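Colleague: I should like to go through the reasoning behind some terms used for this model. May I put my questions to you one by one?

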Amino acid sequence: MRISPLKTSEAAAQWQALTKKENHDFYNMAHEPITRRESQDARALLVQWAYKVVDRYSLDRCLVSFAFHYYDSFMSIYSDLDDFTCRQLLAITCIYIAAKLHGNRRKNPLSITRLVRISKGYFEAQQIEEMEKRLINVLAWYLNPPIPILFIQSVNDLLSTTPEKDCAVYDIAVYLIELSVCDHFFVTKKPSCIAAAAIQVAVEFSGCNIDVLLLPLSTGSTKMTTECESRMRKLYKARFPNPDTEETSRCSDISPTDVMIDSNHSL
């Protein structure tokens with residue numbers, strides 16, 4: 001694989017800018033690991049619900065990553081928020097804010113009115129608005145985190161520099177990122193490490209001729225990146241027991257959860 005020095009330089013600059021942002025005192029906040037099984041299961045259910053909602057309304061799945069960065073940051077401060085109803089309200093509010101800030105601002109289908117309807121009236125608009133104010137204050141308006149997909153996108157041009165026409169590295173890497181949002185294991189991991197691991201594992205399973213060592217994937221923690229790689233291999237193999245099947249090339253069309261939401265749009 002021959003990589004243009006200019007493209008490499010541009011990708012490296014973008015990656016480094018994201019890494020610098022990642023190391024900001026607030027974004028680098030050490031999230032408390034979720035140790036209780038019931039809390040892990042509750043978070044997984046909420047992530048799955050969020051993916052179903054964004055798929056139902058044809059929104060970018062990266063909104064879920066933004067939303068659960070807010071969710072995990074909030075929970076790292078208020079770790080005693082054990083009531084599942086409160087966590088549901090928090091998750092709804094997080095996806096609402098993510099859609100407003102990082103979705104289509106001209107036409108955002110996830111209005112408060114629609115979210116109230118999706119929750120089957122379980123929550124009122126005033127509750128979502130109050131939680132929004134509380135969340136923004138807690139996060140001190142740090143609402144543009146360097147999520148893993150942004151790191152992947154910064155080196156996308158380099159990933160496509162390969163003789164294989166159907167190289168699926170980017171699609172597989174994005175899919176692995178989506179899986180990582182579902183897994184509590186990655187809550188305490190740096191976005192750069194998650195992204196670098198996703199690229200490494202994607203290259204392995206795609207079989208594309210890409211030398212990862214030539215990519216500017218600095219993370220600052222080889223150990224953490226290796227841990228992320230190991231976890232992602234297990235997740236991917238669980239989803240695709242036979243990586244040689246055509247399923248591998250269709251990752252961009254597959255959600256980590258069932259993409260069909262039920263007719264009631266319920267939580």
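Colleague: Why is Trp141 called exposed?

Modeller: The structure is a predicted model, and in it Trp141 has a relative accessibility of 63%. Exposed means over 50%, so Trp141, at 63%, counts as exposed.

Colleague: Where does Trp141 lie, and what is its phi?

Modeller: Trp141 lies in the loop between α6 (125-138) and α7 (148-154). Its phi is near 65 degrees, a positive value in a residue other than glycine.

Colleague: What makes Ser58 count as exposed?

Modeller: The relative accessibility of Ser58 is 68%. The cut-off for exposed is over 50%, and therefore Ser58, at 68%, counts as exposed. Ser58 is found in the loop between α2 (37-56) and α3 (62-77). Phi of Ser58 is near 55 degrees, which is again a positive value in a residue other than glycine.

Colleague: Why is Asp183 called buried?

Modeller: Asp183 has a relative accessible area of 10%. Buried means under 20%, so Asp183, at 10%, is buried. Asp183 sits in the loop between α9 (169-182) and α10 (191-206). Leaving aside residues up to four places away in sequence, Asp183 touches Arg43, Arg231 and Leu235.

Colleague: Why is α9 described as largely enclosed by the rest of the structure?

Modeller: Of the 14 residues of α9, 12 are buried, so the helix is largely enclosed by the rest of the structure. Among these buried residues are Val169, Ile172, Tyr175, Glu178 and Cys182.

Colleague: How do you know that the span of α9 is close to the expected one?

Modeller: From its first C-alpha to its last, α9 reaches 20 Å. The expected value at 1.5 Å a residue is 20 Å for its 14 residues, so the expected span, 1.5 Å times one less than the number of residues, is closely met by α9.

Colleague: Which elements have the lowest and the highest mean pLDDT?

Modeller: Helix α8 (residues 156-159) has the lowest mean pLDDT, 79, and α6 has the highest, 95. For the whole protein the mean pLDDT is 82, and 81% of its residues reach 70 or more.

Colleague: Where does pLDDT stay under 50, and how many contacts beyond four places in sequence does the model have there?

Modeller: It stays under 50 over residues 246-250, for which the model has 8 such contacts. It also stays under 50 over residues 257-267, with 26 such contacts. Where pLDDT is low, the predicted coordinates should not be read in detail.

Technical notes. Residues are numbered from 1 along each chain as its sequence is written. This is a predicted model: local features need pLDDT of at least 70, side-chain atom pairs count only at pLDDT 80 or more; totals for chains, interfaces and linings use all residues. Side-chain values use heavy atoms; hydrogens and water are left out. Helices (H or I, at least four residues) and strands (E, at least two) are DSSP runs, numbered from the N terminus. Buried means under 20% relative accessible area, exposed over 50%, partly exposed in between (1.4 Å probe, protein chains only). Contact means heavy atoms within 4.5 Å. pLDDT is the predictor's confidence in each residue, from 0 to 100.
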